[in-house]
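These are my notebook entries on what I looked up in this structure. I began with the contacts of one residue and then moved outwards.

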Amino acid sequence: MQSHAGIIMDLTWGCFYAGALNAVMQLRIADRLVSGPKTAEELAAEANAHSSSLYRVLRVLASKGVFAEDAEGRFHLTPAADLLRTDVPFSLQGAVQLGTLLPTMEAALHIPHTVKTGECAFDARHGVGFFEYMSNHPSIGEVFDKAMAGVSDADNRAIAEAYDFGAASRVVDVGGGLGGLLVEVLRKYPSVRGVLYDRSEVVGQPGRIAAAGLDERIDRVAGDFFTSVPGGADVYVLKRIMHDWADETCVNILKHCRRAMAAGGRVLVVDALVPPGNTEHPSKALDLCMLTVMPGRERTEVEFTALFHAAGLKIARVIPTANSIAILEGVVA
């Protein structure tokens with residue numbers, strides 16, 4: 001069992017673990033181990049890297065379950081290391097890249113400012129909000145899109161498996177990006193039609209819809225969910241949308257969905273649910289990211305209940321998924 005001092009020191013050095021992940025991702029170490037285990041010297045020769053430095057990075061990651069070193073000094077892939085590969089479903093390369101960007105890490109160092117003032121650390125450090133910063137720095141936006149796509153891929157399948165969309169005739173994915181969720185839902189439910197609703201520069205991309213052969217079943221609609229959503233659908237999905245925004249903004253988005261949906265319609269909020277007490281859960285670390293970088297937050301079921309109520313809705317069911325997210329099904333109150 002880790003000592004009390006060990007717990008504090010491990011958390012203190014967290015930035016170095018992140019840097020180590022970024023290094024092996026950039027050098028494509030996980031990809032290079034697909035053919036079999038290799039020593040740090042062999043990997044360094046392939047990656048044009050410094051072998052003893054690479055060994056020290058791999059050694060600490062192996063101590064955390066990312067890679068495994070054998071008695072001959074060769075490093076092996078582990079299930080965690082597999083997520084750093086380029087060619088696997090649900091790759092977390094984008095998430096590692098986003099988390100280790102200098103603007104993000106600088107914001108993390110400004111958490112004391114947030115704790116003292118309540119002001120978002122990213123805004124305080126950079127003078128603009130995260131989304132505006134991305135607009136001004138397209139390369140950062142590309143990293144963000146890649147990171148979200150990797151996370152979304154795992155979420156999409158879990159949502160389609162956990163919720164029965166079979167009774168719906170029309171499903172709107174609000175802020176649905178490139179359409180990955182609709183692809184999973186429509187593949188599973190052949191009678192359903194979808195609406196991909198997002199910014200014009202997003203819905204105009206071919207994305208996965210065309211690749212899946214679903215262009216005829218999905219309408220692309222450009223717009224701004226802060227002002228309206230397409231009308232007349234049975235189900236509106238807000239997947240990892242609420243956690244980006246403050247309560248008042250979330251209530252307004254929910255109100256748009258309530259006004260737009262057909263009689264008997266449903267609003268599905270898909271987000272992490274923060275558990276009570278001292279239970280360790282990914283949502284608690286993610287909430288620290290939201291506190292630092294975004295205007296939003298991760299929420300408890302009680303907090304979501306209040307948002308639904310303020311929008312004239314009530315939570316009919318809370319449906320767990322195979323991932324760390326849950327589906328909160330809202331109906332007209």
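I count a contact when heavy atoms lie within 4.5 Å. I am working on a predicted model, in which local features need pLDDT of at least 70 and side-chain atom pairs count only at pLDDT 80 or more, while totals for chains, interfaces and linings use all residues. Residues are numbered from 1 along each chain as its sequence is written, and side-chain values use heavy atoms, with hydrogens and water left out.

Entry 1. I looked up L254 and, setting aside neighbours within four places in sequence, found it in contact with L238, M242, V267, V269, L307, F308, A311 and L313.

Entry 2. I then looked up the largest nonpolar core (buried Ala, Val, Leu, Ile, Met, Phe, Trp, Tyr and Cys residues joined through side-chain atoms within 4.5 Å, where buried means under 20% relative accessible area with a 1.4 Å probe, protein chains only). This core has 29 residues, and L254 is among those with the most contacts inside it, as are V174 and Y236. Its largest share, six residues, comes from α16 (helices are DSSP runs of H or I, at least four residues, numbered from the N terminus).

Entry 3. I checked how α16 meets α18, and noted that D247, C250, V251, L254 and K255 in α16 meet L307, F308 and A310 in α18. The two axes, lines fitted to C-alpha atoms over the stretch in contact, with angles from 0 to 180 degrees between N-to-C directions, come within 8 Å and cross at roughly 50 degrees. α16 and α18 are therefore oblique to each other (neither under 35, nor over 145, nor 65 to 115 degrees).

Technical notes. Buried < 20%, exposed > 50% of the residue type's maximum accessible area, 1.4 Å probe, protein only. Helix = DSSP H or I, 4+ residues; strand = E, 2+ residues; numbered from the N terminus.
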